[in-house]
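Visitor: I am new to this structure and would like a close look at a single part of it. Could you take me through the largest pocket and what surrounds it?

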Amino acid sequence: MMRVLMGRKLEIVLVVGLLAGPAQGELLQVGFEDLGLDAGWVESYGGPGDGVYYNGSNLSGGFSSEGVFFGNEYTDWGGGYYSWSGWAYSTTTDTGTAGFDNQYSAFAGGAAGGRVYAVTYAPSTLDLPLGWRAPQELSVTNNSYAGISMRDGDAFAKQFGAGDYFLLTLTGYDAGGLETGSVEVYLADFRDGLETGYILDSWATVDLSPLGSGVAQITFSLESTDTGDFGSNTPSYVAIDNLVLESTPVPEPRTWSLALGLCGFAFALFRRWKA
């Protein structure tokens, strides 16, 4: 009899723990170091420079790091040709090779912390987990393919000059799809001329607090002054690392039904135990 009672007590504790979530003010850093970069992923790796990358070639549809989901769409066109959009992750360090083959490298020459970072081909989104929906900060830098293209020009894009810019906009949305706020980051900025202009080649920390709380999704969009008939001529890539989230322990509206159901289940267990 005692064993049964202890089991019911344990069930109640577990249910209450599920409802509690993280404590107020806790911070979670998403640094991608929890992602697999073992030999088993060799089919998704390659490219110039030291390091390896994952680009979705196993058709997983994306990956999660610390509960944050990064979507990926990969298409194998046959004959060695493929395309992908969304997110990849990488350890590559090549900052000198121009062109599409170097699309997985950060222009800073590696991660902001550790060895793994993420690269996105924008526009793209990431989805935040319940309980961690108050973004605080993010490290960003140019992708090597984009950075070298802006610096030197290539067959499709011009060398950046006075008046040019490459702008990243981060926009937050709540669980109902309503915008919560936005942040702008200039990855290259020559609006005031060549002497004061720059192309970001180091990791910059971006304050995400203007996105607010209750953020379920963050979108990434890129704007360039170098455009043509098909949109931006500048390669639409950016690298990120060290996304910091603050806990939001209060259940959001769409989770109230689950929370109430769990509370009812816990109460029923308690009544059975009392009986």
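Guide: Let us begin with the walls: strand 5 contributes three residues to the lining of the largest pocket, and this is the most that any element gives. The model you are looking at is a predicted one, and in it the pocket has a volume of about 430 Å³. In total 19 residues line this pocket, and those that lie nearest its centre are Phe 100, Tyr 121, Tyr 145, Pro 235 and Tyr 237. Two elements give two or more residues to the lining, namely strand 5, which spans 81–90, and strand 15, which spans 231–232. Sorted by character, the lining residues of the pocket comprise nine that are nonpolar, eight that are polar and two that are charged.

From here we can turn to Ser 236, which is found in the loop that runs between strand 15 and strand 16, the latter covering 237–246. Ser 236 counts as buried because its relative accessibility is 14%, and buried means under 20%. Leaving aside residues up to four places away in sequence, Ser 236 touches Thr 120, Tyr 121, Ala 122, Phe 166 and Leu 222. Tyr 121, one of these contacts, is also among the residues nearest the centre of the pocket.

To set this part within the whole, the protein chain has three helices and 16 strands, and of its 275 residues 44% are buried. Among the contacts in the chain with a separation of 6 or more, 74% are between residues 24 or more positions apart. Finally, the accessible surface of the chain comes to about 13,700 Å², with 55% of that area belonging to carbon and sulfur atoms.

Definitions and conventions
Residues are numbered from 1 along each chain as its sequence is written. This is a predicted model: local features need pLDDT of at least 70, side-chain atom pairs count only at pLDDT 80 or more; totals for chains, interfaces and linings use all residues. Side-chain values use heavy atoms; hydrogens and water are left out. On a 1 Å grid over the protein atoms alone, a cavity is a set of points where a 1.4 Å probe fits but cannot get out, and a pocket is an open set with protein on both sides within 12 Å along at least five of seven lines; lining residues have an atom within 4 Å of a point. Grid points are joined across faces, edges and corners, and a volume is the space filled by probe spheres set on the points. Helices (H or I, at least four residues) and strands (E, at least two) are DSSP runs, numbered from the N terminus. Ala, Val, Leu, Ile, Met, Phe, Trp, Tyr, Cys and Pro count as nonpolar, Asp, Glu, Lys and Arg as charged, and the others, Gly among them, as polar. Buried means under 20% relative accessible area, exposed over 50%, partly exposed in between (1.4 Å probe, protein chains only). Contact means heavy atoms within 4.5 Å. Accessible areas come from the Shrake-Rupley method with a 1.4 Å probe; for residues, only the protein chains shown count as cover.
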